[in-house]
Amino acid sequence: MSLKAARVNAGFTSKEAAEAVNVHYQTLTKYERDSSDIPFSLLDELSNLYQVPINNIFLGKEYELIRIIARNRESVCND
């Protein structure tokens, strides 16, 4: 799951989540688009806030996750 999906599922707006972990909401939005270079300490805080294990959070660019999901759907439909 992406950082954005974890946030939305936990019921936070980007501003609420950013305030809770003491970062600017634009910083959080940046990491939601590309979490490949997110500091571990922030990832850990967000994981705890969203109540999602770190291993369940996709780290990378949002469009890469979308491509992976699309490929998996195609392979399931073609089987």
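Residues count as exposed when their relative accessible area is over 50%, and as buried when it is under 20%. With that in hand, here are some close-up views of this predicted model.

**View A. The two sides of helix 4.** On one side of helix 4, Phe40 and Asn48 are exposed. Elsewhere in helix 4, the residues Leu42, Leu43, Leu46, Ser47 and Tyr50 are buried. These five share one side of helix 4 because the arc they cover around the axis is only 135 degrees. An α-helix has 3.6 residues a turn, so positions three or four places apart point the same way. And what lies over the buried residues of helix 4? The cover includes helix 1, helix 2 and helix 3.

**View B. The largest nonpolar core.** This core has 14 residues, and the ones that touch the most other members are Leu3, Leu28, Ile38, Leu42, Leu46 and Tyr50. Two or more residues each come from helix 1 (3–10), helix 2 (14–21), helix 3 (25–33) and helix 4 (40–50). Helix 4 gives the largest share, four residues.

**View C. Around Ile38.** Which residues does Ile38 touch, once those up to four places away in sequence are set aside? Its partners are then Leu3, Tyr31, Leu43, Leu46 and Leu59. Two of these names, Leu3 and Leu46, are also among the core residues that touch the most other members, as is Ile38 itself.

**View D. The buried side of helix 1.** Here Leu3, Ala6 and Arg7 are the residues to look for, since each is buried in helix 1. The three sit on the same side of helix 1 because their arc around the axis is only 100 degrees. Helix 2, helix 3 and helix 4 are what the buried residues of helix 1 pack against. Follow the chain past the end of helix 1 and you come to Gly11, with a positive phi near 85 degrees.

**View E. Helix 2 against helix 3.** These two helices pack at an angle of about 105 degrees, and their axes are 8 Å apart. Helix 2 and helix 3 are therefore roughly perpendicular to each other. From helix 2, the residues Ser14, Lys15, Ala17 and Ala18 meet Tyr25, Leu28 and Thr29 of helix 3. Sorted by class, the contact of helix 2 with helix 3 has four nonpolar residues, two polar and one charged.

**View F. Two loop residues with positive phi.** Most residues other than glycine have a negative phi. Asn22 has a positive phi, near 65 degrees, although it is not glycine. It is found in the loop between helix 2 and helix 3, and its relative accessibility of 70% makes Asn22 exposed. Gln51 is another residue other than glycine with a positive phi, in this case near 55 degrees. You will find Gln51 just after helix 4, in the loop that runs between helix 4 and helix 5 (62–78). Is Gln51 buried or exposed? With a relative accessible area of 72%, Gln51 is exposed.

**View G. Glu64 and Asp34.** Our last stop is Glu64, which has its place in helix 5. Its relative accessibility is 33%, so Glu64 counts as partly exposed. Along the chain, Glu64 and Asp34 are 30 residues apart, and in space their C-alpha atoms are separated by 9.4 Å.

Methods. Residues numbered from 1 in each chain as written. Predicted model: local features only at pLDDT ≥ 70, side-chain atom pairs only at ≥ 80, totals over all residues. Heavy atoms only, no water. Core = buried A, V, L, I, M, F, W, Y, C linked by side-chain atoms within 4.5 Å. Buried < 20%, exposed > 50% of the residue type's maximum accessible area, 1.4 Å probe, protein only. Contact = heavy atoms within 4.5 Å. Arc of directions from axis to C-beta. Axes fitted to C-alpha atoms, helices over the stretch in contact; angles between N-to-C directions. Parallel < 35°, antiparallel > 145°, perpendicular 65-115°, else oblique. Nonpolar A, V, L, I, M, F, W, Y, C, P; charged D, E, K, R; others polar.
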